[in-house]
Structures are given as C-alpha cells and as structure tokens.
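Hello,

Here is the structure I promised to pass on to you. Please open it beside this message, and read the notes below at your own pace.

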Amino acid sequence: MPLPKMLEGRLSIPVIGAPLFIVSGPELVIAQCKAGIVGSFPALNARPADQLDVWLDRIERELAGFSPENPSATVAPFAVNQIVHASNARLGEDMRACARHRVPIVITSLRPPTEVVKAVHDWGGIVLHDVISVRHAEKAIEAGVDGLILVAAGAGGHAGTLSPFALVQEVRAIFDGPLVLSGAIATGRAVLAAEAIGADLAYVGTRFIASAEANADPAYKRMLAASAAADIVYSSLFTGVAGNYLKPSIAAAGLDPESLPQADKSKMDFGSLSAAKAWRDVWGAGQGLGAIRDAPPTAEIVRRMREEYEGARTALLG
C-alpha cells in the first residue's frame, strides 16, 4: 500500500523506531531520524510534563539544522506516542504541546483514539494506532486512524499473541491503509519479511535499546546482548497489560520468572512514578533479541539493517 505522503522519499529503510518507555529520549530519536528511520518516544518519558516542549524544541532544532548541512542524507520525521487511557492524566496537556509543535506523527496506544485523531488531523499530522487483534483494529479504523501498528507475538513490552502471518492477513482484508508490523524484528532480513507478508513498514524496538544513544542502564544493554528468545517471559504482572520481559531482570528483582501471578487490570497507571520504577527494575524485550550482540551507535545499527535488507532483497529478486 502507498505510504503516507510525509514518509515518501524520507526513509532509508522502511522502519519506524518503536517508542520505548524510559529508554527513548531526544538523543535516540534524533539519531534515528538522521539515519533515515522514524524516531519516536512516549510523551510520558519527558518528566515533568513541561519537559515535553523542551524535548520537541530540541528535536526540531537539531533535525532542521542537520538537513541543510547534509543535503544527501535521508532525514525521517519523528513521532510522539500517547497513551489513550483514563490513567494518563497528562494526555490533554501533552496533546496541547504536540499541537504547538505540529508533531508530524502521533502513535496512540490502548483505547480507540477518536479525539486524538481529530486534533492531529487539524494540524496536518497523522495517527498510527497500536493493535493486537482484529477487533482492536476495527475500533481504530472506526476512529479514523491513518495507519495501524500490528503488535504481534514476540514483540517487546506490551505485545499480542497472534502470529504476524495471521494478524497481517486478517487486518489487511479489512484495511487498505498503511500497516506497520511489530514482533521480533531486529534485522534487515526481518524488515523485508514484514513487507513480503503484507506490511508496509517494520516497527523495531528492542534492537535500539542496545544502542549508544538509548537511555538504558548499561547492564540492560549487556543483558540483551547475552540473551536469546528463551530468556523472554510473557506476563501481565508489571503493568496490568501482558507483555514480554527479560527473565534475568525479573529474577534480579527478587521474583521467580517461571511462576508469576496475574495482575489486576484495574490498577493500571501508566503515568505514575511507580509504573516507571517497574520498568526500571524489570526490563522489556522482544523475542528477536538473539540478533543483538553489541550496542553500537544508532547510525551503525541502521546501516547494518539497510545492508541486510538490500542483500536479502537482491537474493530473492535476483
């Protein structure tokens, strides 16, 4: 399917860097955009709330200065992730900051984002919405989103349980707009595979936690490089929504990763400091982490992915 106009000719590889709670900040977003992939961050990462304007100012200023000095570079737009949920008391304030900066892409999560869609369209932006099922996709389509992010089995953090083959196939049957696929995508070959099964873009998160610019504990980056898919556990305990986490980090927090209780969904509070503490102590990761062996600069990660992507495409197409 055609990409949104704002992405045409502005990607070096069809990838969106997923927003990573705590981990994604201006340094990572700017590096991703300069490398030619969409960089994104959760609005809640900017703490206190008035820092969101500061972060947006910095991102806009640095990207605006980079483009004229590097005319041959492919510079991608950036995105801000908004949690559309009653527990997010900052949503209104953060959306007003996004409106002031006319943020080009808003990524929404959890509830159907009807009001957010209207606001973003008013300033000329687009909305991409996270879904884990066809039912969620139908609700997001009704809300008027511009594209869907299909969070399939194996994705880091909050993830679904459906195979990407099944999820893409069934959502594509009801939606002809842009589809972004998430779930264990950490190489250029996997990006091409996402396109081959019907997605337009790949959503890559865990690979960028292990990058020089990521705001992640060095021990977190080392754990990613030392782990594989068998080291991931799927649990709802930490935020009330099921997701994938590193078993060694759970054990280090004093819990048994093999016998975790279920969480009480009524206690979800994504905007709280306690939620942030949970993510600092227990580290999310996707099942694609077996491809991670180091934590180089983002530009190097994207260069490798682009080389793998082109190599795989040449091998398949001749």
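Let me begin with a definition: a residue counts as buried under 20% relative accessible area, as exposed over 50%, and as partly exposed in between, using a 1.4 Å probe and protein chains only. By that scale Leu 110 is partly exposed, because its relative accessible area is 36%.

Some background before we go on. This is a predicted model, in which local features need pLDDT of at least 70 and side-chain atom pairs count only at pLDDT 80 or more, while totals for chains, interfaces and linings use all residues. Residues are numbered from 1 along each chain as its sequence is written, and side-chain values use heavy atoms, with hydrogens and water left out.

**Unusual backbone spots**

Leu 110 sits in strand S4, residues 105-110. (Strands, E, at least two residues, and helices, H or I, at least four residues, are DSSP runs numbered from the N terminus.) Its phi is near 80°, a positive value in a residue other than glycine.

Ala 184 is not a glycine either, and has a positive phi of about 65°. You will find Ala 184 in the loop between strand S8 (179-182) and helix H7 (188-196). With a relative accessible area of 37%, Ala 184 is partly exposed.

Which form does the peptide bond from Arg 47 to Pro 48 take, cis or trans? That bond is cis, with omega near -5°. Pro 48 belongs to the loop between S2 and H2.

**The sheets**

In general, the strands of a sheet pair through backbone hydrogen bonds, either parallel or antiparallel. Here, two strands pair if DSSP finds at least two bridges between them.

One open sheet has 8 strands in the order S1-S9-S8-S6-S5-S4-S3-S2, and its pairing is parallel. Why do strands S1 (15-17) and S2 (39-42) each have one side without a neighbour in the sheet? They stand at the edges with a single partner strand each, so one side of each is left free of a neighbour in the sheet. On average, neighbouring strands of this sheet are turned by 25° against each other, direction ignored. (Axes are lines fitted to C-alpha atoms, for helices over the stretch in contact, and angles run from 0 to 180 degrees between N-to-C directions.)

At the S2 edge, S2 pairs with strand S3 (residues 78-84) in the parallel sense over 4 bridges. To see this pairing on screen, look for Pro 42, which stands opposite Asn 81 in S3.

Another open sheet is made of 3 strands in the order S7-S11-S10, with antiparallel pairing. Its edge strands are S7 (157-158) and S10 (232-235), each pairing on one side only. S7 and strand S11 (residues 243-246) are joined in the antiparallel sense over 2 bridges, and His 158 has Gly 243 in S11 as its bridge partner.

**How helices pack**

Helix H1 (residues 26-34) packs on H2 at an angle of about 30°, with the axes 10 Å apart. The two helices are therefore roughly parallel to each other. (Angles under 35 degrees count as roughly parallel, over 145 as roughly antiparallel, 65 to 115 as roughly perpendicular and the rest as oblique.) Their crossing is right-handed. (Right-handed means that the near helix is turned clockwise from the far one by less than a right angle, left-handed anticlockwise.) The residues in contact divide into 8 nonpolar, no polar and 4 charged. (Ala, Val, Leu, Ile, Met, Phe, Trp, Tyr, Cys and Pro count as nonpolar, Asp, Glu, Lys and Arg as charged, and the others, Gly among them, as polar.) Contact means heavy atoms within 4.5 Å, and among the H1 residues that meet H2 are Val 29, Ile 30 and Cys 33.

Helix H2 (residues 51-69) also comes within 10 Å of helix H3 (residues 91-101), axis to axis, and they cross at roughly 25°. That makes H2 roughly parallel to H3. This contact has 4 nonpolar, 1 polar and 5 charged residues.

Last, which term describes H7 against H12, oblique or parallel? The axes of H7 and helix H12 (residues 298-317) come within 6 Å and cross at roughly 55°, which makes H7 oblique to H12. From H7, the contact includes Val 191 and Leu 192, and from H12, Met 305 and Tyr 309. By class, there are 6 nonpolar, 1 polar and 4 charged residues in this contact.

Happy exploring!
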